[in-house]
Amino acid sequence: MQEKLLKKNYTKMVNKKTTIPWQSEEAWIQVVLSIDKTIAALSTQGAEITRIRTLAQQIAQGYAELETILEEVCLKSCPTCVDVCCSRATVWYDLKDLLLIYLNTGTLPDRQIYKQPDHSCCNLTPSGCRLLRSERPFICTWYICPDQKNVIEGLPDSEEKLALFRTIEKSTIDKIKTARKELEEEYVEAICS
Ligand code: SF4
Ligand code: SF4
C-alpha cells in the first residue's frame, strides 16, 4: 500500500514536468504534498532515507564552504553591475532543489519562482536576493558570470591563493552537482523499488 502511494506520488511529480514545472498553485500544492508524503513514508523504512539524508547534509556542507568565497566575489561585482542577471534570468526549482530544501529545513517555499511584471525574479530586492543561498535554485549558485570570473582572475593576492580559490570553487561546485544527481537517483530508486 505504502509502495503504491510512493510510486503514485512520484509519477505525479514527473508527469508535471514542463519547461518550468509546478507553476500553478494546484501543481505546487501537489508537489509539496508528494514530497512530504514520500519522505514521511521513506522515513519509516530505514536504510534508504539515511543515505538520502546524508547526501542532503553533504550538499548543505558544500554550500557552507562556498558561501564565504561567493559572497566575497559578489561584493566585488554585483553592487556595480549594470546588467543584473536576476532581473532577466528565468530560474525555477527542480526536484533536486525541492528535495534538498525539504530535507535540510523540513519546509518548502510557498510557490515556484516566478517573474515580476518587469521580468525580474520574484526574489530580487534592491539589496539583492532575499533568499539564503541554500534556499535558492542551484543554478543561482552554480552560475558564475563573466564579471565574477574576472574578479576571481584579478584577485590581487598571491598565485597560491588564486589557485586555491579556483580549486575550492570548482571542486565544491562539482561535488555538489554530483551529490545532487545522486540524491535524486537515490530518492527515485527508493520510492519506485
Ligand atoms: S552575478 Fe554577475 S550578472 Fe549577476 S548581478 Fe552579479 S555581477 Fe551582475
Ligand atoms: S532566486 Fe535569488 S539569486 Fe536566484 S535569480 Fe532569483 S533573485 Fe537571483
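The shell around ligand 1 divides into five nonpolar, two polar and two charged residues. This comes from a predicted model. Ligand 2 has a shell of eight nonpolar, one polar and one charged residues. The chain that holds these residues has seven helices and two strands.

**Ligand surroundings**

- Ligand 1 is surrounded by S77, C78, C81, D83, V84, C85, C145, D147 and Q148.
- S77 also belongs to the contact between helices, where V73, K76 and S77 of α3 meet residues of α6.
- D147 and Q148, both around ligand 1, are on the α6 side of that contact.
- Around ligand 2 stand C86, A89, V91, C121, N123, L124, C129, L131, R136 and C140.
- C86 of this shell can also be placed relative to a strand residue: the C-alpha atoms of T125 and C86 are separated by 9.7 Å.
- T125 and C86 are 39 residues apart along the chain.

**Overall layout**

- Along the sequence, the elements run α-α-α-α-β-β-α-α-α.
- The chain has 193 residues, and 18% of them count as buried.
- Among contacts with a sequence separation of 6 or more, 75% join residues 24 or more positions apart.

**Helices α3 and α6**

- How are two packed helices described? The angle between their axes and the distance between the axes are used.
- Helix α3 covers residues 47–77, and helix α6 covers residues 146–153.
- Their axes come within 9 Å and cross at roughly 110°.
- α3 and α6 are therefore roughly perpendicular to each other, as angles of 65 to 115 degrees fall in that class.
- On the α3 side, the contact uses V73, K76 and S77.
- On the α6 side, it uses D147, Q148, V151 and I152.
- By class, the contact of α3 with α6 has three nonpolar, two polar and two charged residues.

**Helices α2 and α4**

- Helix α2 spans residues 25–42, and helix α4 spans residues 95–105.
- The two pack at an angle of about 55°, with their axes 11 Å apart.
- That angle makes α2 oblique to α4.
- The crossing of α2 and α4 is right-handed.
- Which residues of α2 meet α4? V31, I35 and I39 do so, facing L98, L99 and Y102 in α4.
- The contact of α2 with α4 has six nonpolar residues, with no polar and no charged ones.
- The buried residues of α4 are L95, D97, L98, L99, L100, I101 and L103.
- L98 and L99 are thus listed as buried and also take part in the contact with α2.
- After α4 comes G106, which has a positive phi near 80°.

**Two loop residues with positive phi**

- Most residues other than glycine have a negative phi.
- W22 departs from this, with a positive phi near 55°.
- W22 sits in the loop between α1 (2–15) and α2.
- Is W22 buried or exposed? W22 is buried, because 23 other C-beta atoms lie within 10 Å and the cut-off is 20 or more.
- H119 also has a positive phi, about 80°, and is not a glycine.
- The place of H119 is the loop between α4 and β1.
- H119 is exposed, because 10 other C-beta atoms lie within 10 Å and the limit is 12 or fewer.

**S134 and T125**

- S134 lies in the loop between β2 (128–129) and α5 (139–142).
- S134 is partly exposed, with 17 other C-beta atoms within 10 Å.
- Which residues does S134 contact, leaving aside its neighbours within four places in sequence? They are A60, Y63 and N104.
- N104 lies within the span of helix α4, residues 95–105.
- A60 and Y63 lie within the span of helix α3, residues 47–77.
- S134 and G62 are 72 residues apart in sequence, yet 10.0 Å apart in space, C-alpha to C-alpha.
- T125 is part of strand β1, residues 124–125.
- T125 counts as exposed, with 11 C-beta neighbours inside 10 Å.
- L124, one of the residues around ligand 2, falls within the β1 span too.

Notes. Residues numbered from 1 in each chain as written. Chains lettered and ligands numbered in written order. Predicted model: local features only at pLDDT ≥ 70, side-chain atom pairs only at ≥ 80, totals over all residues. Near = placed C-beta within 6 Å. Nonpolar A, V, L, I, M, F, W, Y, C, P; charged D, E, K, R; others polar. Axes fitted to C-alpha atoms, helices over the stretch in contact; angles between N-to-C directions. Helix = DSSP H or I, 4+ residues; strand = E, 2+ residues; numbered from the N terminus. Parallel < 35°, antiparallel > 145°, perpendicular 65-115°, else oblique. Contact = placed C-beta atoms within 7 Å. Left-handed = near helix turned anticlockwise from the far one by under 90°.
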